[in-house]
Amino acid sequence: MTVARVTLPDGKTLEVPLNSTCADVARKIGPRLAKDAVGCFWNGELCAMEQRITGDGQIRIITKGSPDAVLLIRHSAAHLCAAAVLELFPDAQLGFGPPTAEGFYYDFVVKEPFTPDDLARIEAKMRELAALGLPFERKELDPVAAGKELRRLGYKLKAEYLEELKLKGDVISFYVNGNRFSDMCRGPHVASFGAIPAFKVLSASGAYWRGDASGIPMQRIHGTAFPSEAELKKHLDLVEEAKKRDHRKLGSELDLFSFHEEAPGFPFWHAGGVVLWRELTGRGTTTTTATTCTSWRRRTAPSP
Ligand SMILES: [Zn+2]
């Protein structure tokens, strides 16, 4: 096979020589698209336009200003977060750090869980690194050289992961930010750490290496990033409002239902809650004696 068949979002296909890049595909579709492309999804994976095409697949190109373009900002912020963590916690092991619909996260193996004070220091370090600019520079290595580079960097988990994939003849891309940070990654990113317009570190939670609960425990730092400070503030305000309206908080405050350690995720309906639920659903009558959390074992509770 010397050509790859690329399927576009509208179902049309085009053929490109093997080892063409996604940028070559965009150019083949049209010069305007090639100019506006900032990244793409290749077979569903977020990739830089430099991604090489080594077989048939599907492409969706992300253009400047499109809703998906925020993923570049968030993905770049995840790198910035990892760079800050490694500067403050040099023994930390890196897991993965993808963008998400609401922001980004990055997983780390650390000796102690991150405290709120740690998170504030990490965000401050992110701002310090962002102020230095530090462009994202792509470098491509073959799988053997990439494994060596990961071990040189001290990224043991990533090195093991790469070896497990047993890749042959593939190009593995790294993104380097000056002499401060380097990470194995498909991209795409904004131009530099300094080009992330607005970001915030939000919280930390427990996680496991590659989601395996019997595996290595990790700490996941959650954050978010937006194209402007105004959009970041709007998002944070909405999150605060949502917290005020969290059904778990309201249910307890209004004496409607409660949750208990004995049955995680199971709502224990209080008398008022049962009345309200019956009124809303039209099931049963409000005059029936309400079931309370003291008699939860005798019935099945509706889920709030
Ligand atoms: Zn990346």
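Q: What makes arginine 74 count as lying over the face of phenylalanine 226?
A: A charge sits over a ring if NZ of Lys or CZ of Arg is within 6 Å of the ring centre and within 35 degrees of the ring normal. Arginine 74 lies 4.6 Å from the ring centre of phenylalanine 226 and over its face, so this placement fits the distance limit of 6 Å. The charged end of arginine 220 likewise sits over the ring of tyrosine 105, 3.7 Å from its centre.

Q: What kind of model is this, and which residues and atoms count?
A: The model is predicted: local features need pLDDT of at least 70 and side-chain atom pairs pLDDT 80 or more, while totals for chains, interfaces and linings use all residues. Residues are numbered from 1 along each chain as its sequence is written, and side-chain values use heavy atoms, with hydrogens and water left out.

Q: Why is the pair of phenylalanine 96 and tryptophan 209 called stacked?
A: Rings of Phe, Tyr and Trp (its six-membered ring) pair if their centres lie within 6.5 Å; planes under 30 degrees apart count as stacked, over 60 as edge-to-face and the rest as tilted. The rule yields 9 aromatic pairs. In the pair of phenylalanine 96 and tryptophan 209, the centres are 5.1 Å apart and the planes 25° apart, so the pair is stacked. The two residues come from distant parts of the chain, 113 residues apart: phenylalanine 96 is in the loop between strands E6 and E7, and tryptophan 209 in the loop between strands E11 and E12. Strands (E, at least two residues) and helices (H or I, at least four) are DSSP runs, numbered from the N terminus.

Q: Why is tryptophan 209 called buried and phenylalanine 96 partly exposed?
A: Buried means under 20% relative accessible area, exposed over 50%, and partly exposed in between (1.4 Å probe, protein chains only). Tryptophan 209 has 11%, so it is buried. Phenylalanine 96 has 30%, so it is partly exposed.

Q: What makes the pair of phenylalanine 136 and phenylalanine 193 edge-to-face?
A: The ring centres are 5.3 Å apart and the planes stand at 90°, so the pair of phenylalanine 136 and phenylalanine 193 is edge-to-face. Phenylalanine 136 lies in strand E8, and phenylalanine 193 in the loop between E10 and E11, 57 residues apart. Both residues are buried.

Q: How do you know that strands E9 and E10 pair?
A: Two strands pair if DSSP finds at least two bridges between them. E9 and E10 are joined by 4 bridges in the antiparallel sense, so the condition is met. An open antiparallel sheet of 3 strands runs in the order E8-E9-E10. E8 and E10 are its edge strands, as each pairs on one side only.

Q: Why does glutamate 149 count as buried?
A: Glutamate 149 has 9% relative accessibility, so it counts as buried. This residue is found in helix H5, and its contacts (heavy atoms within 4.5 Å) include Lys139, Leu141, Phe174 and Ser182, not counting residues up to four places away in sequence.

Q: What makes a set of residues a nonpolar core, and which members of the largest one touch the most others?
A: A nonpolar core is a set of buried Ala, Val, Leu, Ile, Met, Phe, Trp, Tyr and Cys residues joined through side-chain atoms within 4.5 Å. The largest has 43 residues, of which Phe108, Ile122, Met126, Phe193, Ile196 and Ile221 touch the most other members. Helix H3 gives the most to this core, with 11 residues. Another core lies apart from it, with 17 residues, among them Val6, Ala37, Met49 and Ile53.
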